[in-house]
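User: I've got a structure to look at and I'd like to talk it through. Can you help me make sense of what I'm seeing?

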Protein chains: 2
Amino acid sequence: MKTAALILAGGKGERFWPGSRTSHPKQFLCLTGDGKTMIRHTVERILPIVNMEDIYVSTNERYRQLVYEQLPELPKENVICEPVGRNTAPGIGLGAVYMRRKYGDAVMLVLPSDHQIAFEDKYTEILKKAVDTAENGDEGERRLVTLGITPNEPETGYGYIKFDRSSDANGVCRVERFVEKPDLEKAKQYLESGDYLWNSGMFIWKVSAILASMEKNMPEVYKGLTDIEAAIGTNDEVEVLKSAFEAMPSQSVDYGILEKEDSIYVCPGDFGWDDVGSWLALSRLNAPDENGNVFMGNVESTSTKRTIVKAGDKLVAVVGLEDVVVVDTEDATLICSAEHTADIKKLLEELRSKGREEYL
Amino acid sequence: MKTAALILAGGKGERFWPGSRTSHPKQFLCLTGDGKTMIRHTVERILPIVNMEDIYVSTNERYRQLVYEQLPELPKENVICEPVGRNTAPGIGLGAVYMRRKYGDAVMLVLPSDHQIAFEDKYTEILKKAVDTAENGDEGERRLVTLGITPNEPETGYGYIKFDRSSDANGVCRVERFVEKPDLEKAKQYLESGDYLWNSGMFIWKVSAILASMEKNMPEVYKGLTDIEAAIGTNDEVEVLKSAFEAMPSQSVDYGILEKEDSIYVCPGDFGWDDVGSWLALSRLNAPDENGNVFMGNVESTSTKRTIVKAGDKLVAVVGLEDVVVVDTEDATLICSAEHTADIKKLLEELRSKGREEYL
């Protein structure tokens, strides 16, 4: 069966201000020293198992040109622009009907565009296993597969997957249930038990399986999707897409589908996944120097430790800093203590409330 | 007797990088919220006792245009450019011979251009007292007067003046001796004794007195000065100035004159003097906000304390910082922890050793 991929690239990524802006979010940033954007990395790392012409990108009109620029080899018609944001379930459904229209059926990879993976060979291997698992469901089974990350700390920022370790068959396990972001106490229990994985947001299923599940669990959404599917390639396509999509409820695939289905599998993996949640990720994505610093661009330093500087052509000179993040862009410079990166959102609210939209 | 002033404006001010550069040193920076440069402040604050046409600026060719720009009302011929740097004694002597040529004799104020004074009325009052004292020396006395600052901490970065408190006559005291920058132990003793003042580098004396002292204590320098004096207004002026000045030894007025003379007076004063030794001075020169921050230019902040940001039009956003100095300029941004401002010099050495002269 054909394997196709849907890359989700509609997110805003406020935590990467001032690198990211409403007009230029995280997935279009270069956060590694190789000069490649996050979305470019996402596409390149699946090329061992998916052909470029079978890769689709789900985004919105605002970022269409950025996708074209970053992925010039991608067929332009593979860029699917959601008319409005309706969370992941309608967005994934939309990709699925484009694929059904094109391939009849296919194994569909659903992948965020703004995560990083350190060990690509291991990732490819596990992804192949997931594809096999998804493809081999029984007639009418609605088998859904996800990649789970073996946790190494009691992270409270991720959703978790409770899985049945005893069901392990060649590295594929049954999922018991999906659980929402825990508090620290619960997260510690999850970590200790060994029965939980991080929900990576990466899914693998047959187009037929996910659409059947939508028909069952989200009939409203499914109705809209079939209307859109019927209009693909006709003069009404844009208009129907707009009206049908806008009418859909906003819902995540985790809540709308995964928590309601039974035949869910997970491939646990330790392939150096990083959700690149804040600027601090730069010191995981890039090898720090002997002082723990990561410097990109025109940077000079003295007596500085564990500091991240992302500069451009303009000189950024750091003296005597510890645990600081500096990001210099054309029209704004951020200087943020490492322990306060979450407060960048506060700063953006401040800018918004002052009407300084030019910086957002 | 006429009162004239010589403003010393030839310094480099590396500690104010990247605001200051070799081409644009500290005295030409605006460090207060009123948009006036240090040198402009220096001139304006003596206008109650000196006419603009009697103010002279000692600098070098490189900064001549900056002086013209900052002091457009100053007669252009009052800008005296030293052909080479020879420390303060030859520089002051040079100013003195220009004044002797113009006025015969005068009371001469010698003032650094890069200090700040908070209480200008008090300063004017003390300066008037110093002028009276200098003017009323006996025939042939070589009376030299200096302003001393009552110390409030055991500062090791300044020279000190040991004075005779018991000699106080209407706020003017005899100086016992000048002492070099002390170590912390000594500085503490000085502070505790109450017998020491900080040497402010501000001097008041008759032109005839300082030149007589140079003739006695620095005959080589004095010989050169008389050669220059004879050439003033002739076709040879530039050439004689260059050759005679270059031939002079480099020496400070403290070491060459003050430590060798007997008739030295000091006016102790507490007029809010600040030598503006580093960027940290900005939080003394400008009123900090309720979090102890001083922000100049386009700045936004969240959760930030005791931080100084000097920005221009470009947005500088600070999040979660404490005790940091940020200075943004056209081609370079400095971010420096407050306790490491002395390391800025190290950074400049680094830039120099890498041949990055464009930033110096």
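User: In what order do the 6 strands of the open sheet come?

Analyst: Keep in mind that this is a predicted model. The sheet is open and its pairing is mixed. Its edge strands, each pairing on one side only, are strand 12 (294-296) of chain A and strand 13 (299-302) of chain B. Reading across, the order is 12(A)-14(A)-16(A)-17(A)-15(B)-13(B).

User: How do strand 17 of chain A and strand 15 of chain B run, and how many bridges join them?

Analyst: This is a spot where a strand of chain A meets one of chain B, and A:Cys336 stands opposite B:Val319 there. The two strands run parallel, and the number of bridges joining them is 5.

User: Which helix packs on that sheet?

Analyst: Look for a helix that touches strand 17 of chain A as well as strand 13 and strand 15 of chain B. Its direction makes about 135 degrees with that of strand 13 of chain B. The one you want is helix 11 of chain A.

User: Which element gives the most to the side of chain A that touches chain B?

Analyst: Overall, 30 residues of chain A are in contact with 30 residues of chain B. Several elements of chain A supply at least two residues each to this side, including strand 13 (299-302), strand 16 (324-328) and helix 11 (344-353). By class, the side has 16 nonpolar, 6 polar and 8 charged residues. The top contributor, with 6 residues, is strand 17 of chain A.

User: Over in chain B, are helix 3 and helix 6 parallel or oblique to each other?

Analyst: Two packed helices are described by the angle between their axes and the distance between the axes. Here the axes of helix 3 (residues 88-103) and helix 6 (residues 207-217) of chain B come within 10 Å and cross at roughly 130 degrees. Angles over 145 degrees would count as roughly antiparallel. So helix 3 and helix 6 of chain B are oblique.

User: By class, how many residues in the contact of those two helices are nonpolar?

Analyst: On the helix 3 side of chain B you'll find B:Ile92, B:Gly93, B:Ala96, B:Met99 and B:Arg100. They meet B:Val207, B:Ile210, B:Leu211 and B:Met214 in helix 6 of chain B. The contact has 1 polar and 1 charged residue, and the nonpolar count is 7.

User: What distance separates the centres of the two domains of chain A?

Analyst: Chain A is divided into domain 1 (3-274) and domain 2 (286-359). The two do touch: 7 residues of domain 1 are in contact with 11 residues of domain 2 in chain A. Taken over C-alpha atoms, their centres are separated by 31 Å.

Notes. Residues numbered from 1 in each chain as written. Chains lettered and ligands numbered in written order. Predicted model: local features only at pLDDT ≥ 70, side-chain atom pairs only at ≥ 80, totals over all residues. Helix = DSSP H or I, 4+ residues; strand = E, 2+ residues; numbered from the N terminus. Nonpolar A, V, L, I, M, F, W, Y, C, P; charged D, E, K, R; others polar. Pairing = 2+ DSSP bridges. Axes fitted to C-alpha atoms, helices over the stretch in contact; angles between N-to-C directions. Parallel < 35°, antiparallel > 145°, perpendicular 65-115°, else oblique. Domains from an automatic or database assignment.
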